[in-house]
Amino acid sequence: RALQASSSTPAKPTIFEHEFSLADRVALVSGANRGIGLEMAMAIAEAGARAVYCLDLPNMPGEEFAKVKAYVARMEGKKGEGRLEYMSADVTDQEAMWKLGEEIGSREGRMDVCVAAAGILKGDTPCLDYPAKQFKDVLAVNVNGVLFTAQAAGRQMAKFDNGGSIIMIASISGSGANQGHPWVSYNTSKSAVLQMARSMACELAPKGIRVNTISPGYINTSMTGQFLQKRPELLERWSSNNPMGRIGRPDELRGATVWLSSDASSFCTGSDILVSGGHHAW
Ligand code: NDP
């Protein structure tokens, strides 16, 4: 027998209007001018966030700018549409990142969501010859930069005492390893991100601030594009190594992003969410 609500039952908000809603939230997203970061920023805005502060616009490639314009057109006139705000910042500059967090906090009076998506993959040198400068550069963005981004937002979350969700983009490279030249620095950095998130999750849990990682598999962005330009045959290898037989699209990170940003994941902290088509390690 189908259960029917009586007409006198007050309408309860749906799970999308309640747990998954980001209504009135304020977010900071690094690496948001292209690729994965941009899709995540748009998803947070589309889930109702009041403002999403995106780092950074100046280098936004034309096709990505077209995506943002299409987003703005799609959201025009829709109830609860999110505002995308662009700011420039180098995530490796701790002082600048903290200042930026303070500026957003004083403008908006709150900070709820942080996505640290900025990252680089650099070099073409075997591990035994890998130069110190390149190693330092990769760790500066992928490890220090993730910490400074989390601090920029986390300090505001703690100040406003309203909890918050920090999402760091790690990678399947953080727990697996693969053959080839540039990976020694990248894999090391992503492993560090997984551990950084767990440590911060424990420390910040009493303040109601959750810290989780998303680990994507190979995703079609300019980061992977730089490889495929030099070695197009890799696409076949990456696809055939994947149980789903393909690499991912940046928009396939949207669902995990909204879930982790929202109250729908309120008991989830220190976790790593794989979004990899089933690809775990090499
Ligand atoms: P992209 O190369 O497309 O984008 C990288 C982003 O990081 C850009 O927005 C870039 O900004 C920004 N960035 C780099 N250095 C800095 C810096 N010093 N300060 C501020 N921003 C900076 O990469 P993806 O979108 O592919 O990657 C996003 C994240 O996902 C990265 O952390 C990456 O490691 C991770 N990832 C990607 C996978 C993939 O297959 N693509 C797989 C697993 C993880 P700018 O344009 O100004 O340089």
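**Exercise 1. Work out how α3 and α4 pack in this predicted model.**

Start with handedness: α3 goes past α4 in a right-handed crossing. Next, take the geometry: the two helices pack at an angle of about 35 degrees, and their axes are 8 Å apart. Now find the residues that touch. On the α3 side you have Q94, M97, W98, L100, G101, I104 and G105, and these meet F148, T149, Q151, A152, A153, R155, Q156 and K159 in α4. Last, sort them by class: the contact of α3 with α4 holds 7 nonpolar, 6 polar and 2 charged residues.

**Exercise 2. Decide how α4 is oriented relative to α5, and describe what lies between them.**

Step one is the angle: α4 and helix α5 (residues 183-204) pack at about 20 degrees, with 9 Å between their axes. Step two is the label. Angles under 35 degrees count as roughly parallel, so α4 is roughly parallel to α5. Step three is the crossing, which is right-handed for α4 and α5. Step four is the contact itself. From α4 come Q134, F135, V138, L139, N142, V143, V146, L147, A150 and G154, while α5 brings S185, Y186, S189, K190, A192, V193, M196, M200 and L204. Sorted by class, the α4 and α5 contact has 13 nonpolar, 5 polar and 1 charged residues.

**Exercise 3. Do the same for α1 and α8.**

Again, begin with the numbers: α1 and α8 pack at an angle of about 55 degrees, their axes 9 Å apart. That angle makes α1 oblique to α8. The crossing of α1 past α8 is right-handed. The residues involved are E39, M40, A43 and I44 of α1, plus R254, T257, V258 and S261 of α8. Their classes come out as 4 nonpolar, 2 polar and 2 charged for the contact of α1 with α8.

**Exercise 4. Trace the sheet: in which order do the strands run, and which are the edge strands?**

Walk across the sheet, which is open and has 7 strands: the order is β3-β2-β1-β4-β5-β6-β7, with parallel pairing. The edges are β3 (83-87) and β7 (272-275), each of which pairs on one side only. From one strand to the next, the twist averages 20 degrees.

Now zoom in on one pair. Strand β5 (residues 164-169) and strand β6 (residues 209-216) run parallel and are joined by 6 bridges. Look for S165, which stands opposite R210 in β6.

**Exercise 5. Find which strands α3 and α8 lie against.**

Take α3 to begin with. Helix α3 (residues 94-108) lies across β1 (26-30), β2 (51-55) and β3, and runs at about 155 degrees to β1. Then turn to α8: helix α8 (residues 254-261) packs on the sheet and touches β4 (113-116), β5, β6 and β7. The direction of α8 makes about 145 degrees with that of β5.

**Exercise 6. Describe the shell around the ligand: how many residues surround it, and which helices supply at least two?**

Count first: 28 residues surround the ligand, and the closest are G31, G35, G119, T221 and M223. Then ask about helices. α1 (35-46), α4 (132-160) and α6 (222-230) each give at least two residues to the shell. Finish with the classes: the shell around the ligand has 12 nonpolar, 13 polar and 3 charged residues.

Notes: Residues numbered from 1 in each chain as written. Predicted model: local features only at pLDDT ≥ 70, side-chain atom pairs only at ≥ 80, totals over all residues. Near = placed C-beta within 6 Å. Helix = DSSP H or I, 4+ residues; strand = E, 2+ residues; numbered from the N terminus. Nonpolar A, V, L, I, M, F, W, Y, C, P; charged D, E, K, R; others polar. Axes fitted to C-alpha atoms, helices over the stretch in contact; angles between N-to-C directions. Parallel < 35°, antiparallel > 145°, perpendicular 65-115°, else oblique. Left-handed = near helix turned anticlockwise from the far one by under 90°. Contact = placed C-beta atoms within 7 Å. Pairing = 2+ DSSP bridges.
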